[in-house]
Amino acid sequence: GKVTFVPFSAKGDVLDIRITKEHKNFSEGEIAGMVTPSRDRVPSDCPHFVKCGGCSLRHVSYRSEGMIKKATVEGALRKFGLDDAPVQDALMPCPERYRNKATLRIVGGEFGYYGKSTNTIVPLGGSGCTLLPEEFCSIARDAAEVAGRNGLRDVSITLRQSPDGGILVLLTVGETPDPAAEGDLVRAVAGGREKVTGIAVEVEGSQRERVIFGSGVMELRQFGLDLALSPHSFFQVNYEGAGMLLDVIERYAAETGFGECADLFCGTGVWGLALAKRFPEKRFYGA
């Protein structure tokens, strides 16, 4: 009669589990053995899955993932008494190579994500990450070599890609690198890569970027808008998914007959700006 949360399980699994933590109203556990696997299970296509903290559903089919997301929303609504609120199926854009922005840690000449619930990186090595454009991992690999050669510490790299393939790079470091290290970085990252449009460096915690190559902003046209994004700008990480979502928002907005719209926690304000073009007679606020 007590709920137990077991990461990397799937609906329909029959499992032997080990309880790892007890709480008053629920428990946490881990898979100790597989008795009968769910029909939704698929072999993971990533050698870093489970160790890496980036993904949590690569052990089930993409169709099942959509159903899980829909059920998550339904459960959240039920918690507040909204049992009858209709929930549509999840939007299902392409699940591979879709992220247009990523931040990777660099330690000891290796790059990767933090491990699940740790501050230890899981090196992505030669296989990279199937959620990222292949160029991201190639650039991160070269930047990691530069960091190792030049003794840079507390390093992370943020990469952002435009719809036409241009890439903006930000290296965050514990202390200002010397000019020789910056020159090494430009040669390693931008040399032979026409897609790299800009490289910037910042000291961790300063939020002050210094451009050392090209431009410090990425200009792109999306949803009929001319945008300029910095490496830190908040923007949807999936261009295809964002387009699908905007179609839904516009459809619901047209049906409401609204007079005003508040785009809250808006980041670059793309939803409010896109809707303002669609409904020029309405009033919009961004915050």
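**Note on the predicted model**

1. Pro-177 has a relative accessible area of 10% and is therefore buried, the cut-off being under 20%. The model in which this residue sits is a predicted one. Pro-177 belongs to the loop that runs between β8 (167–173) and α3 (179–190). Setting aside residues up to four places away in sequence, Pro-177 touches Leu-152, Glu-182 and Val-201. Its C-alpha lies 9.3 Å from that of Glu-202, a residue 25 positions away along the chain.

2. For the chain as a whole, the secondary structure consists of five helices and 14 strands. The C-alpha trace spans about 65 × 60 × 30 Å along its principal axes. Of the 287 residues in the protein chain, 38% are buried. Among contacts with a separation of 6 or more, 53% are between residues 24 or more positions apart.

3. On the surface and the charges: the accessible surface of the protein chain is about 16,300 Å², and carbon and sulfur atoms supply 53% of that area. The chain carries 34 positive and 37 negative charges, and the mean positions of these two sets are 3 Å apart.

4. His-59 is another loop residue to look at, placed between β3 (26–36) and α1 (62–79). Is His-59 buried or exposed? With a relative accessibility of 5%, His-59 falls under the 20% cut-off and so counts as buried. Apart from neighbours within four places in sequence, His-59 is in contact with Phe-8, Ser-9, Ala-10, Asp-40, Arg-41, Val-42 and Phe-49. For Phe-8 there is also a polar contact: the His-59 side chain reaches the backbone oxygen of Phe-8 at 3.4 Å.

5. Arg-221 is in strand β11. Its relative accessible area is 52%, and because exposed means over 50%, Arg-221 is classed as exposed. The side chain of Arg-221 makes a polar contact of 2.9 Å with the side chain of Asp-226. The Arg-221 side chain also reaches the backbone oxygen of Gly-224, at 3.3 Å. In sequence Arg-221 is 58 residues from Pro-163, while their C-alpha atoms are 8.3 Å apart in space.

6. Helix α4 covers residues 239–256, which is 18 residues. From first C-alpha to last it reaches 26 Å, close to the 26 Å expected at 1.5 Å a residue. At the N-terminal end Asn-238 acts as a cap, with a side-chain oxygen 3.1 Å from the backbone nitrogen of Glu-240. Just after the helix, Gly-257 has a positive phi of about 65 degrees.

7. Which residues of α4 are buried? They are Tyr-239, Gly-241, Ala-242, Gly-243, Leu-246 and Ala-253. The elements covering them include β7 (155–161), β11 (218–222) and α5 (270–278). Strand β11 is also where Arg-221 is found.

8. Helix α5 has buried residues of its own, namely Val-270, Trp-271, Gly-272, Ala-274 and Leu-275. Their cover includes α4, together with β12 (225–229), β13 (260–263) and β14 (283–286). The covering between the two helices thus appears from each side: α5 is among the elements over the buried residues of α4, and α4 is among those over the buried residues of α5.

Conventions:
Residues are numbered from 1 along each chain as its sequence is written. This is a predicted model: local features need pLDDT of at least 70, side-chain atom pairs count only at pLDDT 80 or more; totals for chains, interfaces and linings use all residues. Side-chain values use heavy atoms; hydrogens and water are left out. Helices (H or I, at least four residues) and strands (E, at least two) are DSSP runs, numbered from the N terminus. The expected span of a helix is 1.5 Å times one less than its number of residues. Buried means under 20% relative accessible area, exposed over 50%, partly exposed in between (1.4 Å probe, protein chains only). Contact means heavy atoms within 4.5 Å. A polar contact is a pair of N or O atoms within 3.5 Å; within protein, one must be able to donate a hydrogen and the other to accept it, and residues adjacent in sequence count only if both atoms are side-chain atoms. Accessible areas come from the Shrake-Rupley method with a 1.4 Å probe; for residues, only the protein chains shown count as cover. Lys and Arg count as positive and Asp and Glu as negative; His and the chain ends are not counted. The place of a charge is taken as NZ of Lys, CZ of Arg, CG of Asp or CD of Glu.
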